[in-house]
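Subject: Structure for you to look at

Hi there,

Here is the structure I promised to pass on. Please open it alongside this note, and I will go through what turned up.

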Amino acid sequence: QHPAGASRPTRRLVLPAAVEPSPRPRGAMKKAPMALTALVLLLAPTVAAGDFTPCATQATFDIAMCESHMCTDCTMEWCMETCQKVQEANPGCVCKAWPEARTSFSGGEFKGKGKVGDVG
C-alpha cells in the first residue's frame with residue numbers, strides 16, 4: 001500500500017534477448033500484399049479474354065459434361081459412352097477448363113480412357 005498522494009513506482013517488463021521483439025523493417029507490411037498479388041498472377045492460368053467462346057447450349061453442357069461426376073470422374077463404360085453422346089448432342093461445345101487443344105470429350109484425357117472396349 002502506498003500513502004495517499006504518492007505515486008506507484010513504474011515497473012518495466014524486461015524480456016530476455018531471445019524473446020524481445022525484433023524491429024520490423026520499414027515498409028515490410030506494404031510489400032507483403034504486393035508480393036502475394038504478384039505470386040497469384042504468376043501462378044494463375046493465363047487465359048486471354050476471348051479465348052473461350054461459349055456454345056449455344058453451354059449452360060446445359062457445363063452441367064452434363066464439365067461439372068458432372070459422370071464425365072469427370074466415372075470410369076464405367078456407360079459413363080464414357082453417355083458423355084460421348086452428350087458431346088455429339090452439343091457440337092462445338094467445350095469445357096472452359098479444358099486445354100485449348102482439346103475440342104471434344106473423346107479428344108482429351110479422361111478417367112478410364114483406354115480401359116474399356118477392345119483394350120486387352
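**Disulfides first**

Counting the bonded cysteines along the chain, the disulfides of the protein pair up as 1-7, 2-8, 3-6, 4-5. That pattern belongs to a structure that holds four disulfides. Please keep in mind that this is a predicted model, and that the values below are computed from it. As a reminder, a disulfide is a covalent bond between the sulfur atoms of two cysteines.

Three of these links are worth a visit, and I will take them in turn.

- **C55 and C93.** The sulfur atoms of this disulfide sit 1.8 Å apart. The torsion about the S-S bond is about 90°, so the link of C55 and C93 is right-handed. C55 is found in the loop between α1 (28-43) and α2, while C93 is in the segment after α4, so the disulfide ties together parts that are 38 residues apart in sequence. C55 has a relative accessibility of 17% and counts as buried, since the cut-off for buried is under 20%. C93 is buried too, with a relative accessible area of 1%.
- **C71 and C83.** Here the S to S distance is 1.9 Å. The value about the S-S bond is -105°, and this link is left-handed. The pair connects distant parts of the chain, with C71 in helix α3 (residues 69-72) and C83 in helix α4, 12 residues apart. Both C71 and C83 are buried.
- **C74 and C79.** This disulfide has an S to S distance of 2.1 Å. With 70° about the S-S bond, the link of C74 and C79 is right-handed. Both C74 and C79 are buried.

**How α2 and α4 pack**

Two packed helices are described by the angle between their axes and the distance between the axes. What are these values for helix α2 and helix α4? Helix α2 (residues 58-66) and helix α4 (residues 77-89) pack at an angle of about 165°, and their axes are 10 Å apart. Angles over 145 degrees count as roughly antiparallel, and α2 and α4 are therefore roughly antiparallel to each other. The crossing of α2 and α4 is left-handed.

If you would like to display the contact itself, select F61, A64 and M65 in α2, which meet C83, V86 and Q87 in α4. The residues of this contact comprise five nonpolar, one polar and no charged. You will recognise C83 from the disulfide with C71.

**Two residues to look at**

Q87 lies in helix α4. Is Q87 buried or exposed? At 10% relative accessibility, Q87 counts as buried. Setting aside neighbours within four places in sequence, Q87 is in contact with F61, M65, C93, W98, T103, S104 and F105. Among these partners, F61 and M65 belong to α2, and C93 is bonded to C55.

A56, by contrast, is exposed, with a relative accessible area of 86%. A56 lies in the loop between α1 and α2, the loop where C55 is also found. The C-alpha atoms of A56 and G92 are separated by 8.9 Å, although their positions lie 36 residues apart along the chain.

Happy to talk any of this through once you have had a look.

Best wishes

Terms used:
Residues numbered from 1 in each chain as written. Predicted model: local features only at pLDDT ≥ 70, side-chain atom pairs only at ≥ 80, totals over all residues. Heavy atoms only, no water. Axes fitted to C-alpha atoms, helices over the stretch in contact; angles between N-to-C directions. Helix = DSSP H or I, 4+ residues; strand = E, 2+ residues; numbered from the N terminus. Parallel < 35°, antiparallel > 145°, perpendicular 65-115°, else oblique. Left-handed = near helix turned anticlockwise from the far one by under 90°. Contact = heavy atoms within 4.5 Å. Nonpolar A, V, L, I, M, F, W, Y, C, P; charged D, E, K, R; others polar. Disulfide = S-S within 2.5 Å. Buried < 20%, exposed > 50% of the residue type's maximum accessible area, 1.4 Å probe, protein only.
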